[in-house]
Amino acid sequence: MPRLNRKQKRRIEEQEGFMALHAIMNAVIGVFRLYLFITSTFRHPESRPELSPNPDFY
């Protein structure tokens with residue numbers, strides 16, 4: 001297998017850097033989505049507004 005020249009090595013390093021950045025961004029988004037899920041699921045019932053049924057809906 002032939003050796004890679006500098007341009008090819010740099011391109012591979014850039015691709016690896018972008019893949020690492022992508023993985024970090026996915027992890028941060030996953031943690032944020034988990035936070036939103038937990039806060040929306042375990043919210044206190046008194047903090048939710050009561051919606052009365054609308055008689056004019058139908």
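Is Ile29 buried, partly exposed or exposed, and what is its relative accessible area? Keep that question in mind while you look over the whole chain, remembering that this is a predicted model.

Start with everything displayed as a cartoon, where you will find one helix and zero strands in the protein. If you then turn on the surface, about 6,500 Å² is exposed, and carbon and sulfur atoms supply 63% of that area. Of the 58 residues, 0% count as buried.

Next, select residues 6-41, which form helix α1. This helix has 36 residues and reaches 52 Å from its first C-alpha to its last, a span close to the 52 Å expected at 1.5 Å a residue. At its N-terminal end, select Asn5 together with Lys7: Asn5 caps α1 there, with a side-chain oxygen lying 3.2 Å from the backbone nitrogen of Lys7.

Now move along α1 and show the side chains of Arg10 and Glu14, which are four residues apart in the helix, or about one turn. Side chains of opposite charge can pair when their charged atoms come close. Here the side chains of Glu14 and Arg10 meet in a salt bridge, at 3.6 Å from N to O, and a search of the whole structure finds one salt bridge. Arg10 is exposed, because its relative accessible area of 53% is over 50%, whereas Glu14, at 41%, counts as partly exposed.

Finally, select Phe18, Leu21, Met25 and Ile29, which together make a nonpolar surface patch of about 420 Å². Ile29, which also lies in helix α1, brings you back to the opening question: Ile29 is partly exposed, because its relative accessible area of 45% falls between the 20% limit for buried and the 50% limit for exposed.

Definitions and conventions: Residues are numbered from 1 along each chain as its sequence is written. This is a predicted model: local features need pLDDT of at least 70, side-chain atom pairs count only at pLDDT 80 or more; totals for chains, interfaces and linings use all residues. Side-chain values use heavy atoms; hydrogens and water are left out. Patches are made of residues with over 30% relative accessible area and no salt bridge: like charges are joined within 9 Å, nonpolar side chains (Val, Leu, Ile, Met, Phe, Trp, Tyr) within 5 Å. Accessible areas come from the Shrake-Rupley method with a 1.4 Å probe; for residues, only the protein chains shown count as cover. A salt bridge is a side-chain nitrogen of Lys or Arg within 4 Å of a carboxyl oxygen of Asp or Glu. Helices (H or I, at least four residues) and strands (E, at least two) are DSSP runs, numbered from the N terminus. Buried means under 20% relative accessible area, exposed over 50%, partly exposed in between (1.4 Å probe, protein chains only). The expected span of a helix is 1.5 Å times one less than its number of residues. A polar contact is a pair of N or O atoms within 3.5 Å; within protein, one must be able to donate a hydrogen and the other to accept it, and residues adjacent in sequence count only if both atoms are side-chain atoms.
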